[in-house]
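Biologist: I would like a close look at one strand and its surroundings, taken step by step.

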Amino acid sequence: MALPVAEWQARTARLWAALEPAVKERMATASLHDAVRLGCDLLRSEEEEAALLRLCHRARTDKEPEAASCYREQGNREFKRGQYQAALRLYSKVASHELPGSPEVSVCFANRSAALLHLGHFEVCLEDIARAESHGYPDRLLPKVLLRKAECLLCLERLQEAQDILRVLESKIALDGVMTTHLTRLKKLSQLKVKLGEKERCPEPAQEARGGIQGEPEVWEENSRISGASSSLSLRFDAERGRHLVASKDIVPGQSLVKEEAFVSVLCPGESLPVQDGDAAWDTRATNSDLYCHRCLRQLLASVPCQGCSYAKYCSQDCADMAWQQYHRTECSLGALLLTLGVFCHVALRTVLLAGFAEVSRLVEWSHRGDKSLQNPEARCKPLSDAGAGSRGIPGCGSNGQYQSSYQALFHLLPHTKQHSPEHKFLCTLSVVAICKQLQAAGLEAAVLNQESPQWSKPKTCEKTSDELSPELKTVAEAMLRHVLQLQCNAQAITVMQELGPGDGAVVDKKPVRLATAFFPVLSLLNHSCCPNTSVSFSGTAATVRASQPISSGQEVLHCYGPHWCRMRVAERQQLLSQYFFECRCRACLEELESGVKSMVSTRNSFCCPKCQAQMQGEDDTLCCSNEACATSASRDHLSGRLQELQQEIKKALELLRVGKADKAIKMLLKCQMDAGTFLSPEHLLMGEMEDHLAHVYATLGKWQEAARHLKKSIEIVEMHHGPSSVETGHELFKLAQILFNGFAVSEALSTIQRAEGILSVHFGPQSAQIQELQEMKACLSELPRNILQRT
């Protein structure tokens with residue numbers, strides 16, 4: 001959620017409505033500096049602070065032993081049922097809620113190590129065992145953990161270490177007077193010793209080293225004036241387009257143009273709602289917070305929890321320590337407030353913490369003068385009109401003309417202070433002032449100003465906020481307000497392809513999910529087009545921009561901000577783009593606006609006549625058949641209602657598949673197809689989605705030919721909407737390759753793999769996980785005997 005929760009938005013809206021007209025006028029025309037001071041005066045009411053505190057109680061981020069106990073019980077139940085993945089997630093929730101120093105912490109890590117062993121994650125299992133031991137795991141339970149450790153070492157071929165552990169284990173069991181308690185472990189121990197002896201006598205033959213199949217190394221020459229950009233680009237500036245990138249030489253599809261690490265990123269909480277007041281049940285759903293590292297965004301297997309809060313989780317202790325030093329020592333006790341006030345406020349706070357108060361203060365002071373160089377406060381900046389001779393003088397560039405992915409470049413992104421509505425500016429102002437008041441009340445000002453050593457310490461209990469912010473925190477609030485306003489036009493969603501379902505099937509279906517919100521100063525240089533010539537992909541917190549089509553020298557490099565001409569009509573695109581304070585004049589928009597030609601999106605996603613299946617048309621509430629010989633008409637609302645009912649039926653069919661009722665799911669989907677055919681165009685995207693769902697169900701049943709037949713129909717519709725070289729077509733071809741591979745349709749699988757490789761390598765590069773998997777399938781099929789290849 002980018003903006004604050006709805007209740008806080010509603011409350012600030014009521015405050016705004018109650019203001020005197022003169023005060024509203026002051027806020028509407030105020031500079032960032034004046035807006036913060038006005039916000040400090042307006043957010044003095046104890047009633048408003050109490051209301052915000054009540055909202056924060058709903059977003060529970062403290063350590064709560066009661067929650068840990070609840071999650072432990074559920075984790076144990078899932079473990080006994082053999083649902084080790086679910087148990088693993090629940091044990092991680094336990095670890096996040098246990099109080100530091102509690103004896104239960106070691107037991108939690110030991111329990112999680114058992115789930116990891118069953119899932120075959122031996123290295124991570126050993127890490128959890130080490131955590132359990134370091135947290136004082138009870139000596140009476142140690143033999144169980146040592147046995148698990150020996151088993152992991154054995155599976156990892158670390159024979160000497162396994163042997164050493166077994167000796168320690170034998171001595172511990174021998175010292176125990178009550179041998180019967182260890183009978184099961186003794187049996188397991190003897191079995192492990194037999195296995196160990198067999199491995200020592202019969203070492204496995206050395207395997208030929210076969211790492212991941214590598215694609216061709218990419219030629220990359222970094223730009224000398226733009227950090228993280230290719231030498232094939234140059235930075236330009238003009239009054240109409242602002243800062244933008246153009247090709248300085250001809251660029252081919254798939255060529256990398258920008259490789260940039262986010263200056264700052266904040267994990268989006270995910271779809272799960274906070275537990276409501278008075279609700280005794282604890283939320284067991286896995287969200288982004290449970291699945292990804294809060295610093296590097298790496299997917300979590302066995303998370304390392306923050307010592308001070310239950311919300312922040314990391315992939316390693318190194319990531320946890322680095323986050324604490326850079327920003328989390330300040331954010332830790334503010335978790336509930338930051339969740340309540342939204343991701344944009346959180347990004348703004350983390351931005352100033354990463355930049356450091358000295359740099360923030362310098363740039364804010366410069367912005368008050370507005371006419372001095374950021375590098376040298378005594379030197380004047382060159383006029384922007386002189387930028388044609390190079391990048392010197394372009395906002396965000398240094399005195400040497402270089403544009404770095406830095407706080408200075410980020411600070412120069414436009415906040416559009418005058419374009420935002422006064423109500424929105426008021427909401428953002430009160431929100432950042434509330435955060436700074438809380439920083440002051442919690443005794444965190446020294447940490448914000450970088451005057452405190454980054455040592456682990458228990459967050460201080462929040463006290464009543466003071467009425468007046470310190471001058472330094474007003475500077476912080478001003479910078480934060482600038483960044484919150486910048487984010488509306490410059491926030492970049494970091495997306496990841498997330499598996500649908502458990503991910504243990506032969507065919508893995510994925511969908512793009514918004515993982516985090518970030519600032520990328522160089523990526524922000526790309527202007528929008530509804531028909532872009534680039535594609536953006538992410539790995540952790542790093543973004544890579546690749547050319548998705550040929551770009552000629554001198555042509556602008558363009559990125560799509562969301563509204564794509566393949567996915568929506570021009571009127572819808574223009575409405576969505578209004579948040580960026582410009583009117584799109586790209587080729588696709590001009591063609592639709594000036595030619596009066598109806599967009600292909602409207603045509604393909606149209607309703608069809610229930611009698612003759614011709615397209616229904618009309619701009620009013622009543623639609624008429626386009627076939628003049630057919631006089632059929634229908635209400636738009638009626639057809640839209642049928643479409644919604646159809647979508648609900650499809651959801652029910654997918655739920656049947658989820659609970660293992662594949663046959664019933666097929667029947668329901670086939671019925672949905674028949675119903676859809678009576679009022680939807682054959683090229684409607686939903687028709688393609690139903691074919692895709694049917695392919696998934698048949699693949700679940702191992703009926704590969706049927707699955708391939710339906711998926712091919714889905715691909716035809718996807719190609720019509722998105723184009724034969726689109727990333728959407730590439731994903732569908734990847735699934736088809738998996739189905740053909742599993743169905744042993746060798747020649748067809750090889751040709752599909754080749755086509756999928758060609759498309760996905762353009763969008764994600766030759767080293768991406770999907771390309772690697774395609775190449776592994778190709779290598780496996782190519783190694784089959786010649787006579788089999790000839791038959792297939």
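Biologist: How many of the six residues of strand E11 (residues 542-547) are buried, and what does that say about how the rest of the structure encloses the strand?

Modeller: This is a predicted model, in which local features need pLDDT of at least 70 and side-chain atom pairs count only at pLDDT 80 or more, while totals for chains, interfaces and linings use all residues. Residues are numbered from 1 along each chain as its sequence is written, and side-chain values use heavy atoms, with hydrogens and water left out.

Five of the six residues of E11 are buried, so the strand is largely enclosed by the rest of the structure. Here buried means under 20% relative accessible area, exposed over 50%, and partly exposed in between, with a 1.4 Å probe and protein chains only; strands are DSSP runs (E, at least two residues), numbered from the N terminus.

Part of the surroundings of E11 comes from its pairing, where two strands pair if DSSP finds at least two bridges between them. Strand E3 (residues 256-261) is joined to E11 by five bridges, and these two strands run antiparallel; within this pair, Val258 stands opposite Val545 of E11. Strand E10 (residues 534-539) also pairs with E11 in the antiparallel sense, over six bridges, and here Ser535 faces Arg546 of E11 as its opposite residue. Strands of a sheet pair through backbone hydrogen bonds, either parallel or antiparallel.

The connection from E10 to E11 is a hairpin with two residues between the strands, and in this hairpin Gly540 takes a positive phi near 65 degrees.

Following the chain on from E11 leads to the loop between E11 and strand E12 (558-559), which holds Glu556. The side chain of Glu556 meets that of Arg241 in a salt bridge (2.5 Å, N to O), a term that stands for a side-chain nitrogen of Lys or Arg within 4 Å of a carboxyl oxygen of Asp or Glu. The pair links distant parts of the chain, since Arg241 lies in the loop between strand E1 (233-238) and strand E2 (242-247), and the two residues are 315 residues apart. As for their exposure, Glu556 counts as buried because its relative accessibility is 13%, whereas Arg241, with a relative accessible area of 34%, is partly exposed. By the same rule for salt bridges, the count comes to 31.

How values were computed: Helix = DSSP H or I, 4+ residues; strand = E, 2+ residues; numbered from the N terminus.
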